[in-house]
Amino acid sequence: MSNFPQRVFSGVQPTGNLHLGNYLGAITKFVDLQQTHDCVFCVVDLHAITVPQDPKALKSSIREVTAAFIAAGIDPVKHIVFNQSQVSAHAELAWVLNCVARIGWMNRMTQFKEKAGKDREAASVGLYAYPVLMAADILVYKATHVPVGEDQKQHLELARDVAQKFNLDYSESIAALGLGETFFPQPEPLIQGPATRVMSLRDGAKKMSKSDPSDNSRINLSDDADTIASKIRKAKTDPEPLPSETAGLAGRPEADNLVGIFAALQGSTKAGVLADFGNANFSTFKTALVDLAVASLGPVTAGMKRLVADPAHIDAILCDGAERADAIARKTMNEVKDILGFVRAKSA
Ligand code: AQP
């Protein structure tokens, strides 16, 4: 692991309605990590088509996610920002890794069960194979660190298993080619902070999600100040005032969620928030949360709006990022082909 240069990879699906969970669980972490790491951030459009997409909406979602990255503070010049379908090595490596991953491992993936629902037979093969594509996304850059929300933890574990099995299955070939003791690193999930799993504003037991039919369940990055205020005011709570210590949040999922959101937006901790708001009633707390959310998200929303108004500029950023990503991914893919024993043109 330590032999690999540190590199961050992560992705966001362009499936519409980017929300506060995506922002706090992933995008703000990306922004912080670019100070210390070499980063690759991807708009994972190949993942998006595992469920039906309207082509026009998909295209604008790809640009919108890119705009969100940049408006939040990601630097596409120092780091790499691109959309997955422009770098064919993702799909190529995913096929190879499909032949490494075991069906038993895939059958344990809880997100497939949730997303496929009752009619599993009708789900796409792509939805089933999604975690292997995610492993390929990470491993094609030999990424060592992957900032994600808690919902992606199991997929990260699968990526680690796939990397390990590839290294083991092909250890002789890897050594014979002088490609080191292990070819792929064991990518580490980075799941930290008070908002690794932001919950629905309508139900503290459900994850805030793009696909929730209730728009009031989430704060979208495209919401204006009035909409944010109205959604927070309507957010489900319980009748008790806030506790003054975190232990008092146990068994109070809605209170826990709102305190976690506040802490993440403020860059503090739940304990810090409760030190200020312990014994406060929800109406006082929600007023402060509205102010904080509007002040934090307002500039991001405005920046996104500005950026999406110039699609040619966004497309140029994505094309430049894809070229730089391709140079890294192509090298890995060529090495993988050599490891497997495929014949290839040496100039490729
Ligand atoms: N509620 C959440 N809290 C914290 N982090 C979250 N993430 C998603 N929801 C939350 C993190 O955001 C990143 C991008 O997610 P994604 O777009 O790739 O896919 P997702 O996890 O499937 O997002 P949704 O909103 O939940 O979409 P649907 O409704 O389609 O299932 C990831 O790092 C994810 O962990």
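Q: Which of the 22 residues around the ligand come nearest?

A: This is a predicted model, so read each contact as part of that prediction. For a ligand shell, start with whatever sits nearest and work outward. Here D151, K207, S209, K210 and S211 come nearest, out of 22 residues around the ligand.

Q: What kinds of residue make up the shell around the ligand?

A: Sort the shell by class before looking at single atoms. Eleven of its residues are polar, six are nonpolar and five are charged.

Q: Which element gives the most to that shell?

A: Map the shell back onto the secondary structure. Helix α1 gives the most, with four residues. Both β1 (7–12) and α1 (20–33) supply at least two residues each.

Q: How do I read polar contacts, say for D151, G149 and V198?

A: Look for N or O atoms that pair up within 3.5 Å, and check whether the protein atom belongs to a side chain or to the backbone. D151 uses a polar side-chain atom, 2.5 Å from an oxygen atom of the ligand. With G149 it's a backbone N or O atom, which lies 2.9 Å from a ligand oxygen. V198 also takes part through its backbone: a polar atom there is 2.8 Å from a nitrogen atom of the ligand.

Q: How much of the ligand's exposed area does the protein bury?

A: Take the ligand alone, then put the protein back. Alone, the ligand exposes 650 Å², and the protein buries 95% of that.

Q: What does a probe tell me about empty space?

A: Rolling a probe the size of a water molecule over the atoms shows where empty space is left. In this model, the space taken by the ligand is the largest pocket. That pocket holds about 1200 Å³ of space.

Q: Which residues lie nearest the centre of the largest pocket?

A: Go through the lining from the centre out. There are 44 lining residues, and Q111, K115, D151, Q152 and K207 lie nearest the centre. The elements giving two or more residues to this lining are β1, α1, α6 (110–116), α7 (125–139), β4 (145–147) and α8 (153–169). By class, the lining has 19 polar, 15 nonpolar and ten charged residues. Notice D151 and K207: both are also among the residues that come nearest the ligand.

Q: What about the second largest pocket, and which helix gives the largest share of its lining?

A: Treat it the same way: volume, lining, elements, classes. The volume is about 320 Å³. Its lining counts 18 residues, with N3, F4, P5, K142 and F183 nearest the centre. Helix α14 (residues 311–340) contributes the largest share, five residues. The classes come out as seven nonpolar, six charged and five polar.

Q: How many cavities of 30 Å³ or more are there?

A: A cavity is a space where the probe fits but cannot get out. The count is three at 30 Å³ or more. The largest cavity has about 50 Å³ of space, and its lining is Q111, F112, K115, L127, Y130, P131 and H155. Helices α6 and α7 are the elements giving two or more residues to that lining. Four of the lining residues are nonpolar, two are polar and one is charged. Q111 and K115 should look familiar, as they also lie nearest the centre of the largest pocket, along with Q152 and others.

Note on methods. Residues are numbered from 1 along each chain as its sequence is written. This is a predicted model: local features need pLDDT of at least 70, side-chain atom pairs count only at pLDDT 80 or more; totals for chains, interfaces and linings use all residues. Side-chain values use heavy atoms; hydrogens and water are left out. A residue is near a molecule or strand if one of its heavy atoms lies within 4 Å of it. A polar contact is a pair of N or O atoms within 3.5 Å; within protein, one must be able to donate a hydrogen and the other to accept it, and residues adjacent in sequence count only if both atoms are side-chain atoms. Accessible areas come from the Shrake-Rupley method with a 1.4 Å probe; for residues, only the protein chains shown count as cover. On a 1 Å grid over the protein atoms alone, a cavity is a set of points where a 1.4 Å probe fits but cannot get out, and a pocket is an open set with protein on both sides within 12 Å along at least five of seven lines; lining residues have an atom within 4 Å of a point. A molecule sits in a cavity or pocket if more than half of its atoms lie within 2 Å of its grid points. Ala, Val, Leu, Ile, Met, Phe, Trp, Tyr, Cys and Pro count as nonpolar, Asp, Glu, Lys and Arg as charged, and the others, Gly among them, as polar. Grid points are joined across faces, edges and corners, and a volume is the space filled by probe spheres set on the points.
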